[in-house]
Amino acid sequence: MSPRDPAKLVLGIETSCDDTSVAVLEDARTLRAHLIAAQDVHRLYGGIVPELASRAHLELLPPMVERALAEAGAKPEQLTAIAVTHAPGLVGSLVVGVAFAKAYAAALGIPVVGVNHIEAHLHSASLEHGEGEYPAVALIVSGGHTELVEVKGLGEYRWLGATLDDAAGEAYDKVAKRLGLGFPGGPVIDRLAATGRADAFDFPRPMLDRPGCDFSFSGLKTAVSVALKSHGEPPYDPALVADLAASFQAAVVETLVGKCLRALKETGARTLNLGGGVAANRALRARLAEACEARGVALRIPSLRLCADNAGMIALVGAWRLRRGEVAPPELDAAASLEASGLPIT
Ligand code: KG4
Ligand code: ZN
């Protein structure tokens, strides 16, 4: 790349939900700094409180940018562009990042590129594994999303399936709440599931018997509640909780793996990218690894920090777009929904 490479040193900013993250990415490849601050305040409420999330972003962002630059050993004037998540997400949270990015970029006289959060998840594996082959299938599973997408290249996507109700992570969080396990529920259910019997309860494998790649997880949450009916309220017997966690997790994982295999078959893709906070799940990783190995499919799972919401993936997709000459117009704004985000979806 020439010394005028617009992606020479990109500041990435992610504030779409309840994690504030800042990254400094060099040459669209090397993370020179990467900070993620999970907002603990939401634990007190058993879920994300949008108003508190935007306030926390506002407080955290300026010192985090300063610290990321210091860790990267870079001065603000050395930045060549700013990549910021502009959609989808909590609009009050997105606005904080977008407004900050525009003001900071204006002061430095550098461009801003608006990045779609889901698109960034689709490519997050490329930070550690290189760009990889197309077409690829990507499964994004988080607290807000369950998306199965055929990735034909940057900006070329075919949506294969999505959840019709709760996201996979949301189901984990709701079941954990019902079991009296606190928030977020995924990590604790993942841990407890390893100590329980996966066949103790015969929970449904939602939508697995139907064609297509859509998901539905709200029925599973109800199935767990029904199983608890004769047991009153938490706290429950630890052995019962472990069995419920293991049986619930087995149903979720079998469904996710089954739909991934269907998507790979339909598209003929030989690469599967995983992203989103639920990608941290040990059972999901293990089952997908077995299934992909048996079929000669390259499974690309980012490290834990890059699975969850992070600015590294935002900087990466921003850098790719900058190299195509794509920068945001001055009126770049936050958009809450995927549909309104301008991402080319077919
Ligand atoms: O991507 P993420 O950090 O934030 C968004 O939702 O955008 O994902 C958080 C979600 C939460 O629902 C959390 O319970 C879930 O990911 N999660 C897990 C695990 N770790 C986090 N779910 C299952 N197993 C895990 N180990
Ligand atoms: Zn996310």
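Arg 43 and Asp 40 are both exposed, and the two form a salt bridge with closest N and O atoms 3.3 Å apart. That pair comes from a predicted model, and a search of the whole structure turns up 17 salt bridges. Here's a quick tour of a few of those pairs, then the ligand site, and then some backbone spots worth a look on screen.

**Salt bridges**

- Start with Arg 43 and Asp 40 if you want a pair out in the open, since each of the two is exposed.
- Lys 174 pairs up with Asp 166, and their closest N and O atoms are 3.2 Å apart.
- The two ends of that bridge sit in different classes: Lys 174 is partly exposed because its relative accessible area is 31%, while Asp 166 has just 7% and so is buried, the cut-off being under 20%.
- Arg 287 forms a salt bridge with Glu 290, again with a closest N and O distance of 3.3 Å.
- Both Arg 287 and Glu 290 belong to helix H9 (residues 282-295), where they are three residues apart, or about one turn of the helix.
- Arg 287 has a relative accessible area of 39%, so it counts as partly exposed, and Glu 290 is partly exposed too, with 46%.
- There's also a network: Lys 8, Glu 26, Asp 27 and Arg 32 are joined into one by salt bridges that share partners.

**Around ligand 1**

- Ligand 1 has 18 residues around it, and the closest are Gly 143, Asp 173, Asp 190, Gly 277 and Asn 281.
- Several glycines bring backbone atoms up to the ligand's oxygens. For Gly 169, a backbone N or O atom lies 3.1 Å from an oxygen atom of ligand 1.
- Gly 186 has a polar backbone atom 2.9 Å from an oxygen atom of ligand 1.
- Gly 277, one of the closest residues, likewise has a polar backbone atom 2.9 Å from an oxygen atom of the ligand.
- On its own, ligand 1 has 550 Å² of accessible area, and the protein covers 87% of it.
- If you're hunting for the largest pocket, it's the space taken by ligand 1.
- Two helices to highlight are H5 (168-178) and H6 (185-193), each of which supplies at least two residues of the shell around the ligand.
- H6 gives the largest share of that shell, with four residues.

**A buried threonine**

- Thr 85 is found in strand S4 (residues 81-87).
- With a relative accessibility of 0%, Thr 85 is buried, because anything under 20% gets that label.
- The side chain of Thr 85 makes a polar contact of 2.6 Å with the side chain of Glu 14.

**The loop between S2 and S3**

- Asp 27, one of the residues in the salt-bridge network, lies in the loop between strand S2 (19-26) and strand S3 (30-38).
- Ala 28 lies in that loop between S2 and S3 as well.
- Asp 27 has a phi near 55°, which is positive although the residue isn't glycine, and Ala 28 also has a positive phi near 55°.
- That's worth flagging because most residues other than glycine have a negative phi.
- In terms of exposure, Asp 27 is partly exposed, with a relative accessible area of 21%, whereas Ala 28 is buried, with 12%.
- Asp 27 and His 42 are 15 residues apart along the chain, and their C-alpha atoms are separated by 36 Å.

**Cis peptide bonds**

- The general background here is that most peptide bonds are trans.
- Tyr 134 to Pro 135 is a cis peptide bond, with omega near 0°.
- Pro 135 sits in the loop between helix H4 (126-129) and strand S6 (136-141).
- Phe 183 and Pro 184 are joined by a cis peptide bond too, with omega about -5°.
- Pro 184 is in the loop between H5 and H6, and those are the two helices that each supply at least two residues of the shell around ligand 1.

Definitions and conventions: Residues are numbered from 1 along each chain as its sequence is written. Chains are lettered from A and ligands numbered from 1 in the order in which they are written. This is a predicted model: local features need pLDDT of at least 70, side-chain atom pairs count only at pLDDT 80 or more; totals for chains, interfaces and linings use all residues. Side-chain values use heavy atoms; hydrogens and water are left out. A salt bridge is a side-chain nitrogen of Lys or Arg within 4 Å of a carboxyl oxygen of Asp or Glu. Buried means under 20% relative accessible area, exposed over 50%, partly exposed in between (1.4 Å probe, protein chains only). A residue is near a molecule or strand if one of its heavy atoms lies within 4 Å of it. A polar contact is a pair of N or O atoms within 3.5 Å; within protein, one must be able to donate a hydrogen and the other to accept it, and residues adjacent in sequence count only if both atoms are side-chain atoms. Accessible areas come from the Shrake-Rupley method with a 1.4 Å probe; for residues, only the protein chains shown count as cover. On a 1 Å grid over the protein atoms alone, a cavity is a set of points where a 1.4 Å probe fits but cannot get out, and a pocket is an open set with protein on both sides within 12 Å along at least five of seven lines; lining residues have an atom within 4 Å of a point. A molecule sits in a cavity or pocket if more than half of its atoms lie within 2 Å of its grid points.
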